[in-house]
Amino acid sequence: MNSPPLSLGAGQQVMTPSKGVGERKIRRLEMLESVLALGGLVLLRDSVEWEGRSLLKALIKKSALRGEQVHVLGCEVSEEEFREGFDSSINSQLVYHDLFRDPLNWSKTGEALPGGPLGVLRAMCSRTGPGPVTIALDSLSWLLLHLPCTTVCQTLHALSHQDSRPGDSSPVEHVHVLGLLHGELHGPGPMGTLSALARTEVTLSGTRSQASAHILYRRPQQRPTHEVDPTTHLTFNLHLSKKEKEAKDSLTLPFQFSSEKQQALLCRGLGQATSHIFYEPDAYDDLDQEDPDDDLDI
């Protein structure tokens with residue numbers, strides 16, 4: 001695969017060779033800053049023609065130079081190959097988690113990371129160090145081929161939201177999760193789900209002579225800052241006034257026992273008959289003492 005130059009603009013083509021070296025360097029730094037401007041998941045989508053590992057390593061270098069903690073989960077290339085191109089000061093800041101050498105611990109040497117890929121990702125979710133952090137996944141495609149898509153997405157959400165966990169005694173100031181994704185290897189389902197999770201999405205494309213990168217930013221969902229009364233626009237009233245509440249409390253319901261019936265049931269004496277008939281006339285009963293069964297009502 002060809003390696004594109006890193007002087008990529010947001011949604012624009014790279015600079016032509018006629019531009020000066022200094023200007024290309026400035027444009028490259030501006031692009032890297034813009035990609036790292038937001039926290040959360042940064043999705044790097046490459047293709048067969050244009051590989052994205054060079055861009056991933058450039059973002060890692062930028063994060064290390066800013067003094068951030070950098071964790072790298074290496075799955076597709078060896079640690080030695082991945083560290084090539086970094087000077088000693090950058091390499092000393094990288095915490096490398098090697099899943100390339102023995103991801104499933106087949107060699108039983110004890111060097112493999114405990115818990116495999118999922119164990120490493122969960123350990124990253126529970127890290128306690130303060131300060132901004134960058135987590136680079138090389139690559140998300142490898143993880144999707146070895147783990148269920150739902151598990152990967154849930155873990156990515158937990159990784160990228162470490163800075164907003166409630167009750168955290170040492171909250172993270174800023175979390176970047178850089179995920180390299182090979183677009184040709186996955187269907188529309190996983191691609192759409194990962195795109196929805198990403199705060200920033202970089203898609204590499206172009207021709208043999210010229211590369212381009214389209215950068216898509218997604219704003220975080222805004223939450224309401226005040227409580228809204230759901231009964232505000234109803235056509236009926238759900239609240240009782242003071243007088244209505246007093247009338248409600250003083251109302252005698254038809255299934256309530258009278259004091260006479262309560263005393264008879266609770267204070268039954270010895271030798272007292274066990275059966276009683278209690279009749280409590282209703283307010284609307286119309287009883288004629290001379291004709292109680294209404295047989296003379298013609």
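In this predicted model, Arg 66 forms a salt bridge with Glu 33, and the closest N and O atoms of the two side chains are 3.5 Å apart. Arg 66 lies in the loop between α2 (53–65) and β3 (69–74) while Glu 33 belongs to helix α1 (residues 21–35), so the pair ties together parts that are 33 residues apart in sequence. This salt bridge can be set within a protein of 298 residues, of which buried residues make up 36%, and whose chain is arranged in 10 helices and eight strands. Among the contacts with a separation of 6 or more, 69% are accounted for by residues 24 or more positions apart.

**Salt bridges around Arg 66**

- Arg 66 is partly exposed, having a relative accessible area of 36%, and its partner Glu 33 is likewise described as partly exposed, with a value of 33%.
- Arg 66 also meets Glu 68 in a salt bridge, for which the N to O distance is 2.9 Å; Glu 68 counts as buried, at 7% relative accessibility.
- These residues belong to a network of salt bridges that links Glu 33, Lys 62, Arg 66 and Glu 68.
- Lys 62, a member of that network, is one of the buried residues of helix α2.

**Salt bridges elsewhere in the chain**

- A search of the whole structure finds 11 salt bridges, and one that does not involve Arg 66 is formed by Glu 201 with Arg 45, whose closest N and O atoms are 2.8 Å apart.
- This pair links distant parts of the chain, since Glu 201 sits in strand β7 (residues 200–206) and Arg 45 in strand β2 (residues 40–46), 156 residues apart.
- The two partners fall into separate classes of accessibility: Glu 201 counts as buried at 5% relative accessibility, whereas Arg 45 counts as partly exposed at 25%.

**Helix α2 and the residues after it**

- Helix α2 has 13 residues, which at 1.5 Å a residue should span 18 Å, and the distance of 18 Å between its end C-alpha atoms agrees with that expectation.
- The buried residues of α2 include Leu 55, Leu 56, Ala 58, Leu 59 and Ile 60, and they also include Lys 57, Ser 63 and Ala 64.
- Just after α2, Gly 67 takes a positive phi of about 85 degrees.

**Helix α7 and its contact with α8**

- Helix α7, made up of the 12 residues 149–160, reaches 16 Å from its first C-alpha to its last, which is close to the 16 Å expected at 1.5 Å a residue.
- Within α7, the residues Thr 151, Val 152, Cys 153, Thr 155, Leu 156, Leu 159 and Ser 160 are buried.
- The axes of α7 and of helix α8 (residues 188–197) come within 11 Å and cross at roughly 10 degrees, and because angles under 35 degrees count as roughly parallel, α7 is roughly parallel to α8.
- On the side of α7 the contact is made by Cys 149, Cys 153, Leu 156 and His 157, and on the side of α8 by Pro 190, Thr 193, Leu 194 and Leu 197.
- Sorted by class, this contact of α7 with α8 has six nonpolar and two polar residues, and no charged residues.
- Thr 193, placed in helix α8, is partly exposed with a relative accessible area of 34%.
- Although Thr 193 and Cys 153 are 40 residues apart in sequence, their C-alpha atoms are 7.7 Å apart in space; Cys 153 is one of the buried residues of α7.

**Helix α5 and its distance to α7**

- Ala 123 has its place in helix α5 (residues 116–125), where this residue is partly exposed, with a relative accessible area of 47%.
- The C-alpha atoms of Ala 123 and Leu 159 are separated by 9.9 Å, and the two residues are 36 residues apart along the chain; Leu 159 is among the buried residues of α7.

**A cis peptide bond**

- Asp 138 and Ser 139 are joined by a cis peptide bond, for which omega is about 15 degrees.
- Ser 139 lies in the loop between β5 (133–138) and α6 (140–146).

Technical notes: Residues numbered from 1 in each chain as written. Predicted model: local features only at pLDDT ≥ 70, side-chain atom pairs only at ≥ 80, totals over all residues. Heavy atoms only, no water. Helix = DSSP H or I, 4+ residues; strand = E, 2+ residues; numbered from the N terminus. Expected span 1.5 Å × (residues − 1). Buried < 20%, exposed > 50% of the residue type's maximum accessible area, 1.4 Å probe, protein only. Salt bridge = Lys/Arg side-chain N within 4 Å of Asp/Glu carboxyl O. Axes fitted to C-alpha atoms, helices over the stretch in contact; angles between N-to-C directions. Parallel < 35°, antiparallel > 145°, perpendicular 65-115°, else oblique. Contact = heavy atoms within 4.5 Å. Nonpolar A, V, L, I, M, F, W, Y, C, P; charged D, E, K, R; others polar.
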